[in-house]
Amino acid sequence: MGDEDAPPATAGPSDKQKRPSYFNPKPPAIVPALIACHPHAPIVVVAIGAALRVLNYETGEALLLSDATIPRRHREAIRAIAFHPSGALFASGGDDKLVKVWDTATWTCRKTVSGPKKISSVVFSADARWLCFSDKYGIVHVTSTGGPGDAVDSAEAGIKQLLAHCSSIITSLAMSPDGRFIASADRDYKLRVSVFPATPLAGAPEIQSFCLGHTSYLTAALFLPGGLLVSAGGDGTLRLWQPQMGELLQTLRLAGEQEIAPVESVMSLDEGDSASESSGRAIVALALAPDGVSLAAALEGCSEVVFVHMVGEPPALVVAQRLSLGGRAPPTSLAFDAGGRVWRVAGAVQEIETGDAVVTEEALAAKEAAAAAAAASAAVQVELLQRRETGVSARERSAEPVGHGAGEEAASAAAVYEVGELPGGSAAQGVLEGSQADAQAAAEAAKAATEAMRNLLGKRMYTEAEKIDRKRNRNDQKPPRGKS
Amino acid sequence: MGGGKRKGRSPEAGGSTEGKLPQKKFYRARAHSNPLNDSHFPVPLSPTYVPWSAHFPAFFPSTPVPAVPLPASCSTPTSSPAPTAASSSGVPVEPPAVRFADVGCGFGGLLVKLAPLYPDTLMLGMELRDKVSEYVRERIGALRVAHPGQYGNVSVMRSNAMKYLPNLFVKGQLTKMFFLFPDPHFKEKNHRRRIITHALLAEYAYCLAPGGRLYTITDVAELGEWMRTTLEQHPLFQPLTPEELAADPVVALLDTSSEEGQKVERNQGQTHRAIFKRVAYSD
């Protein structure tokens, strides 16, 4: 029932102690550290809080950002980063509602636009002319990337609504390699595939398909080079879709019970799902290798990275390796670099929430400084997982491949990964991890971040007692007063 | 709205018994419901999982023998693409599918009027308020008992059309969608709760077959203007021509079929209609 807007009128200050759990204050916003690698050059970017740390890992040199746009820095934590597939452009968007487009040749900020709500995901169009970014209300906006070839007049420079989900946080955006489709994943279990128009500023009204099947919020979606779509969700599954028809080709469960219940017929938000949402671990990170067939996934609170390969015809996903990180911090984000190695980052920063009240210049400056300080003192841990080139020992495969009969074959054919040394040594490590390279703190921060994600994206579960109590306190059903 | 007039509180106590029309006084509900809230009622995971045979038992014979009384094609007047769902078993005949959706059906006045007019077309009412949807369910059940062989083609579901249309209908399944006297949401802050918005029209266009029609009517001039201009600005919708309007038998029902419409008529209020059709996408 839809009356959650206002607390019950009967709940006076004296009732505060008795208030049920759904009146608890909002849990703090904890933003995980993110990592992205240049698709061709030896460049890795870590976003922690409001800070972007860029490293050339061949030279071990930190690349400095220059930004002449207004505002010059992110003022709150960065929530989304992405490279264009060519590597020429990079985008960052955050809780300060700002989206910045960076030129990766010089690492100068090309353009800054402000969205109406906190930014949740960014993606470039295939031709690099457009940047799409989604916000927490479920709207996907589009803006030109402001390249020299573009006419950056006042109309083009602004943002336009591309499409919208109804009041649902969009957790991930993906652009098909041929540029025909844009996929948007939300917390309402939906994955929408829309036709990406030739003139995006006019909107993308044509929906190609809905990919429905996840039994919890989605956390990531990406297109494979062949045009298939892979999504990851809070239900601990990877799903393979044929995006033209929205047809579910395969469900690969990485967490929870191996066998799926025969019919996941109803997404009951009341009780049925609580089992899967609490016992199943969400997939918090998903990355695609440059070879286009390997994927790496990280599970909520799990100190391991799961490598998944696409094999066979018709294509199927199989688990190739579960690499245990031996008690190290669970990853909050993963990225493949140009050489096929996997970078993992663990860490998070707690948001200082000031709302929209800040208006003065001094207050904004103070906010920027506080955000920078929070980022500088955040615990971050970066590690590299590299291919074990020779001698695939059985010991390294800490868990046997799970999945179909083809799994064994796929695993033996695929590269096996192991924890490796960070190129560039401790200097590079210092650039990416900052001063607080405390593994224990990073692990705790990563855990808090996934907890915060669950709070943010998961549906609230009410107990039967709470529901009855709520109904009793509804302000539209007060019993007639003064009559017996 | 729905003040303290009620005497008995439980519909079970004073509601309908088998075959008797339910009494509305036991099903009064607050007129407004925030559609943006997280829903706490079961929602089908995808159209494949909707228990259509439970909603329309007369159209889904229990034996899967193709002794279907009516071919599915007769309920699809336009060249709508056949739904691709329900490919689970090797049933040769396409199962009948819902073609009309009444979004925010309220107490179900339009559905009850439409049911005898299109006896071979399945129609689904969607209503967010649980008591009201329960009333419509009881009402349809009673009508089916009182008029054997009729009203088997209408049903109701508690749902939120702003969020869950793709969970119920496959692409291009519907031929008509109705939005009668929707909540006006006057405050500018709440305009995003309106049922006709530019973004949501994309989802309605997804559910509608090309040529499918979208009917809106309201007694609020401001909302009527909003709905008309929003529809006009959307590239996938075009207004009906005057000839098409005149030839459409449903148009006459919009004003007076629903409870809200009858109230407006009693008060001699003005109504504002906007009727559009779904056109193909060209980029």
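This is a short walk through a predicted model with chains A and B.

Let me start with confidence. Chain A has a mean pLDDT of 82. In that chain, 79% of the residues reach 70 or more. Two stretches deserve caution. Residues 1-16 of chain A stay under 50 in pLDDT. The model still gives those residues 27 contacts beyond four places in sequence. Residues 258-278 of chain A are also below 50. That stretch has 53 contacts in the model beyond near neighbours in sequence.

Now the overall make-up of chain A. There are 7 helices and 30 strands. The chain has 484 residues, and 57% of them are buried. Take the contacts in chain A with a separation of 6 or more. Of these, 57% are between residues 24 or more positions apart.

Next, helix 6 of chain A. This helix covers residues 439-457, which is 19 residues. From first C-alpha to last, helix 6 reaches 27 Å, close to the 27 Å expected at 1.5 Å a residue. Which residues of helix 6 are buried? Many are alanines: A:Ala442, A:Ala443, A:Ala445, A:Ala446, A:Ala449 and A:Ala452 are on the list. A:Thr450, A:Met453 and A:Leu457 complete the list. What do they pack against? Strands of chain A, and they come from far along the sequence: strand 1 (30-32), strand 14 (170-175), strand 18 (218-223), strand 23 (283-288), strand 28 (342-350) and strand 29 (380-388).

On to a hairpin in chain A. Strand 25, residues 304-311, pairs with strand 26 in the antiparallel sense. The pairing runs over 8 bridges. At one of them, A:Val311 has A:Ala316 as its bridge partner. Between the two strands sit 4 residues. In that turn, A:Gly312 has a positive phi of about 80 degrees. The turn also holds a cis peptide bond, from A:Glu313 to A:Pro314, with omega near 0 degrees. Is strand 26 enclosed or open? Of its 9 residues, 316-324, 8 are buried, so strand 26 is largely enclosed by the rest of the structure.

That brings me to backbone geometry. Most residues other than glycine have a negative phi, and most peptide bonds are trans. Here are some exceptions. A second cis bond joins A:Ile70 and A:Pro71, with omega about -5 degrees. A:Pro71 is in the loop between strand 5 (61-63) and strand 6 (78-83) of chain A. A:Ala128 has a positive phi, near 65 degrees. Its place is the loop between strand 10 (119-124) and strand 11 (130-135) of chain A.

A:Tyr189 is worth a stop. This tyrosine has a positive phi of about 70 degrees. A:Tyr189 lies in the loop between strand 15 (181-186) and strand 16 (190-195) of chain A. Buried or exposed? A:Tyr189 is buried, with a relative accessible area of 2%. The charged end of A:Lys459 sits over its ring, 5.7 Å from the centre.

Chain B has a similar arrangement to look at. There, the charged end of B:Arg194 sits over the ring of B:Trp226, 4.6 Å from its centre.

Staying with rings. Over all chains, the count comes to 15 aromatic pairs. One of them is B:Phe41 with B:Tyr164. The pair is edge-to-face, 6.4 Å centre to centre, with 85 degrees between the planes. Where do the two residues lie? B:Phe41 is in the loop between helix 1 (11-14) and strand 1 (43-44) of chain B, and B:Tyr164 is in helix 5, residues 161-168. So the pair ties together parts that are 123 residues apart in sequence. B:Phe41 is buried, at 5% relative accessible area. B:Tyr164 is buried too, at 0%. Elsewhere in chain B, ring pairs link B:Phe100, B:Tyr118, B:Phe178 and B:Tyr215 into a cluster.

Last stop, helix 10 of chain B, residues 259-266. Here B:Glu259, B:Gly261 and B:Val264 are buried. What covers them? The cover includes helix 3 (109-117), helix 4 (130-146) and helix 9 (251-256) of chain B. Just after helix 10, B:Gln268 takes a positive phi of about 50 degrees.

Definitions and conventions
Residues numbered from 1 in each chain as written. Chains lettered and ligands numbered in written order. Predicted model: local features only at pLDDT ≥ 70, side-chain atom pairs only at ≥ 80, totals over all residues. Heavy atoms only, no water. Expected span 1.5 Å × (residues − 1). Buried < 20%, exposed > 50% of the residue type's maximum accessible area, 1.4 Å probe, protein only. Contact = heavy atoms within 4.5 Å. Pairing = 2+ DSSP bridges. Phe/Tyr/Trp six-rings, centres within 6.5 Å; stacked < 30°, edge-to-face > 60°. Lys NZ or Arg CZ within 6 Å of the ring centre and 35° of its normal. pLDDT = per-residue confidence, 0-100.
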